[in-house]
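Reader: Before I look at the details, could you take me through this structure by way of a few questions?

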Amino acid sequence: MIGIICSGCKHSTKPNAVNQLVSSVDSSSGTQPQNTPAQIMAKQQVPVLCYHRISDGPKSEYKISATTFSSHMKILADSGYHSISASQLYDYLVYNKILPEKPVLISFDDSRVEHAAIAAPVMEKYGFRGIFFIMTITYNKKNYMTKDQIAGLAKAGHTIGLHSWDHTMVIKYKDAADWQKEVAVPKEKLEKIVGQKVEYWAYPNGVYNHNSAVELKKYFKLSFSLATKRDSLLPLQCVRRIIVPECSPQGLLKSMHKSFLGKTKSN
Ligand SMILES: [Zn+2]
């Protein structure tokens with residue numbers, strides 16, 4: 001199971017202002033008015049990128065070179081994009097909190113070692129932070145992050161999310177024992193490693209259905225799918241992302257525009 005892959009900015013100019021806007025809000029208090037699912041569906045979608053492997057060699061939808069990854073981060077910074085956290089995205093969707101100009105959420109699936117070794121240092125050079133979705137069966141395995149590397153990402157200001165125990169798709173969970181094994185237990189163990197709550201989920205292979213979204217809402221503030229149609233009753237449990245393949249920096253910007261700008265109710 002280890003070899004499975006998904007099929008599935010903080011720009012340095014104003015980080016303090018952005019942090020103040022968000023940290024002044026206690027989104028867990030439950031006392032503020034919250035947007036309805038219909039209101040959330042009607043909001044402008046924020047581009048969410050999904051990266052997998054970063055290494056040289058034959059390219060695929062799930063693997064890009066380190067040089068290409070660096071060029072992607074550079075054009076985002078040069079174009080005035082600001083990386084945002086999943087928490088900022090949640091507060092925008094639910095409480096209409098203001099995001100920085102040109103927001104983008106940068107995510108990584110499958111706990112690959114190059115996420116800590118290559119991606120994070122490049123992002124940090126531009127003042128960006130991302131979210132890393134961990135399948136916990138990979139702890140300390142060859143080519144995957146160690147527990148210390150995962151904890152290190154959290155310490156550096158990145159967010160750690162869960163991507164199941166062994167990458168089994170949620171639509172295959174048959175009973176409570178499966179939910180325990182794939183979600184509840186790994187969530188708790190991951191929280192101990194990073195020393196903070198794990199509040200975000202990425203669907204293995206991007207696949208979900210309404211019933212699984214209902215269940216995941218019990219565990220996570222946001223769940224991330226891929227570029228598929230959203231569940232209009234549970235938009236927080238199917239936030240759209242695009243997989244970023246090997247492509248030019250200009251190609252990345254074009255894909256972001258095409259997939260997210262102007263997209264609201266119909267997607
Ligand atoms: Zn995956």
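**Strands, core and a buried leucine**

Author: Please keep in mind throughout that this is a predicted model.

Reader: Which residues does Leu89 contact, leaving aside its neighbours within four places in sequence?

Author: Leu89 is among the residues that touch the most other members of the largest nonpolar core, which has 62 residues, and helix α4 (residues 86-95) gives the most to this core, with 5 residues. Beyond its neighbours within four places in sequence, the contacts of Leu89 are Val46, Ile84, Leu105 and Leu222.

Reader: Which residue of β7 does Phe133 stand opposite?

Author: Phe133 belongs to strand β6 (residues 131-134), where Ile131 and Phe133 point one way while Phe132 and Ile134 point the other, and all are buried. Strand β6 runs parallel to strand β7 (residues 159-162), to which 4 bridges join it. Across from Phe133 in β7 stands Gly161.

Reader: Through which helix does the chain cross from β6 to β7, and what is the hand of this crossover?

Author: On the other side of the question, β5, helix α5 (residues 113-125) and β6 already form a right-handed β-α-β unit. From β6 the chain then passes through helix α6 (residues 147-155) to reach β7, and the hand of this β-α-β crossover is right-handed.

Reader: Is Leu216 buried or exposed?

Author: Leu216 lies in helix α8 (residues 210-216) and, leaving aside neighbours within four places in sequence, is in contact with Trp201, Ser223 and Gln237. Because 22 other C-beta atoms lie within 10 Å and the cut-off is 20 or more, Leu216 counts as buried.

Methods
Residues are numbered from 1 along each chain as its sequence is written. This is a predicted model: local features need pLDDT of at least 70, side-chain atom pairs count only at pLDDT 80 or more; totals for chains, interfaces and linings use all residues. Helices (H or I, at least four residues) and strands (E, at least two) are DSSP runs, numbered from the N terminus. A residue is buried if 20 or more other C-beta atoms lie within 10 Å of its own, exposed if 12 or fewer, and partly exposed in between; C-beta atoms are placed from the backbone. Two residues are in contact if their C-beta atoms, placed from the backbone, lie within 7 Å. A nonpolar core is a set of buried Ala, Val, Leu, Ile, Met, Phe, Trp, Tyr and Cys residues joined through C-beta atoms within 7 Å. A crossover is right-handed if, with the strands pointing away from the viewer, the path from the first strand over the helix to the second runs clockwise. Two strands pair if DSSP finds at least two bridges between them.
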